[in-house]
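This report goes through some local features of the structure shown below. Please keep the sequence and the 3D view at hand while reading.

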Amino acid sequence: MLENNKVATADLVIGDKKFSYPIYEGTEKERALDIRKLRAETGLITYDPGFVNTGSCESAITFLDGEQGILRYRGYDILDLAENCEFIEVAYLLIQGRLPTKAERQRYARLLNQHSMLHEDMQGFFRNYPEGAHPMAIASAMVVSLSSFYPEIADREEEKSLAATRLISKIRTMAAFSYKKSVGEPFVYPSSKLTYCENLLNMVFASPVADYKLDPVLVKAMNQLLILHADHEQNASTSVVRMVGSTGANLYASISAGISALSGPLHGGANQEVMEMLEEIRAHGGDVDKMVERAKDPNDSFRLFGFGHRVYKSYDPRAKIAKKVCTGVLEKLGINDPLLDIAMKLEERALNDEYFIKRKLYPNVDFYTGITYRAMGFPTNMFTMLFAIGRLPGWIAQWYEMHNDPNQKIGRPRQAYCGPTQLRYVPIEQRT
Ligand code: ACO
């Protein structure tokens, strides 16, 4: 427990009164000032828009050092995991806290296969969405709908664990069905003969008239990209999952809210925006300078998508791996995508620009993933959905951790009210 490692005390002096607050240190030396008694003792609240300085919990899942570009899940470096693991091993690691043995991985793969189908009645939901419905909108609704198909979810550990397995397995099927709906093709069912990522690719790209030939390079790339997204400590969507879960809402409802949070263009939606931005640059003759100038203009709200990060103030380690995966996939498929050239030119231009250097803005994970997904055949509106499939084990692990934390409370920030002070009620007839 964090509070067992008190390393110092901070004094707060207000007028002639002094208040002392403990400082704790985590295992990677990050220090946290414990202000839990602040309001009760001083009447003050903290003011921290965007929670930039606020630690909402202690966590043993993911460590990231934004200055040095380090990312580890349960202590393991992201590069090791992405190079050596299948996605389901990483899902197991995040949720169970350790890597599975061979037998455990086999059992987990079997379990995921057993739960991969959707209730037949759910198919009607997919069919009735309008053409062009975004897969993220469909997925968040489908995930919350699971709580009505499987209402037995309760406090018992086995039921929570079953709900987690169901979600990880079924989200692939949901993603594939929403894609099939958008292109007007029949749904392809999951197969127990295929691995997790093989099934995802097959359900998306196979059709009753054409088998999909699984390419091991693409299957590995899919595993790697999902691993890169699997957790990222207390980001916006994870904080939403924890916040919703803190109310006692079930796992499905909490994850559905996380999917909605992830859809925003400043978060998971950025991978789609990156592609649209690169397409726009291509349409204007490949001029990256113009985009960079727009991004720097204080009077233009435009931002270079796929650049910058709240926490990373150096090269995002996930972006490095994503770039390597991208060039590997394009090479294997023999694709010469002009968008990759534009992306690399844009990266080079931005990394040498004083504006980006000063603000420590580097490519983030979203910068290269879209080009890879596109080469694999995914349409742009599926990119954020793939991010959500990857992030799901992280959300689940964080949700469990929150529920097992004795210090956990319902999330309820305060505010500094700046509206009108008391007004006299004016009857409607007298209002002008
Ligand atoms: N392009 C141009 N300028 C930028 C960018 C960018 N992509 N990102 C940040 N800046 C500038 C800001 O304008 C600001 O400049 P100022 O100091 O002159 O006002 C400065 O850098 C700091 O930016 P903040 O918005 O304070 O940084 P914050 O940590 O709040 O935002 C965020 C992080 C939202 C990711 C931001 O960098 C951004 O909008 N990036 C583009 C969207 C994107 O790629 N999102 C994906 C993030 S990764 C993920 O969710 C998986």
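## Strand pairing and turns

In strand E6, tyrosine 76 is the bridge partner of tyrosine 73. The model that shows this is a predicted one. Strand E6 covers residues 76–77 and runs antiparallel to E5, to which two bridges join it. E5 and E6 make up a hairpin with two residues between them, and arginine 74 in its turn has a positive phi of about 50°.

On the other side of the pairing scheme, strand E4 (residues 62–65) is antiparallel to E5, with four bridges between them. Phenylalanine 63 stands opposite arginine 72 of E5. The hairpin of E4 and E5 has four residues between the strands, and glycine 69 there takes a positive phi near 70°.

## The sheet and its faces

Put together, the three strands form an open sheet in the order E4-E5-E6, with antiparallel pairing. E4 and E6 are the edge strands, each pairing on one side only.

In a regular strand, side chains alternate between the two faces of the sheet. Strand E5 (residues 70–73) shows such an alternation: Leu71 and Tyr73 point to one face and are buried, while Ile70 and Arg72 point to the other face and are not buried.

## Positive phi outside glycine

Most residues other than glycine have a negative phi. Arginine 74 has a positive phi of about 50° although it is not a glycine. Its place is in the loop between E5 and E6. Is arginine 74 buried or partly exposed? Arginine 74 counts as partly exposed because its relative accessibility is 24%, and buried would mean under 20%.

Phenylalanine 51 is another residue other than glycine with a positive phi, near 50°. This phenylalanine lies in the loop between helix H1 (38–42) and E4. The relative accessible area of phenylalanine 51 is 53%, so the residue is exposed, the cut-off being over 50%.

## The second largest pocket

The second largest pocket holds about 330 Å³ of space. Helices H3 (87–96), H4 (102–114), H7 (157–183) and H18 (383–403) are the elements that each give two or more residues to its lining. H7 provides the largest share, five residues.

How many residues line this pocket? There are 17, and those nearest its centre are Tyr92, Ile95, Gln96, Ser161 and Tyr400. By class, the lining has eight nonpolar, four polar and five charged residues.

## Aromatic pairs and charges over rings

A pair of aromatic rings is described by the distance of the centres and the angle of the planes. Across the whole structure, 19 aromatic pairs are found. In one pair, the rings of tyrosine 92 and tyrosine 108 have centres 5.6 Å apart and planes at 75°, so the pair is edge-to-face. This pair links distant parts of the chain, with tyrosine 92 in helix H3 and tyrosine 108 in helix H4, 16 residues apart. Both tyrosine 92 and tyrosine 108 are buried. Tyrosine 92 is also one of the residues nearest the centre of the second largest pocket.

Elsewhere, ring pairs link Tyr179, Phe205, Tyr212, Tyr373, Phe378 and Phe383 into a cluster. Some rings have an arginine over the face. Arginine 166 lies over tyrosine 150, at 3.9 Å from the ring centre. Arginine 172 lies over the face of tyrosine 196, where the distance from the ring centre is 4.2 Å.

Key
Residues numbered from 1 in each chain as written. Predicted model: local features only at pLDDT ≥ 70, side-chain atom pairs only at ≥ 80, totals over all residues. Heavy atoms only, no water. Buried < 20%, exposed > 50% of the residue type's maximum accessible area, 1.4 Å probe, protein only. Pairing = 2+ DSSP bridges. 1 Å grid on protein atoms, 1.4 Å probe; cavity = no way out; pocket = protein on both sides within 12 Å on 5 of 7 lines; lining within 4 Å. Points joined across faces, edges and corners; volume = space filled by probe spheres on them. Nonpolar A, V, L, I, M, F, W, Y, C, P; charged D, E, K, R; others polar. Phe/Tyr/Trp six-rings, centres within 6.5 Å; stacked < 30°, edge-to-face > 60°. Lys NZ or Arg CZ within 6 Å of the ring centre and 35° of its normal.
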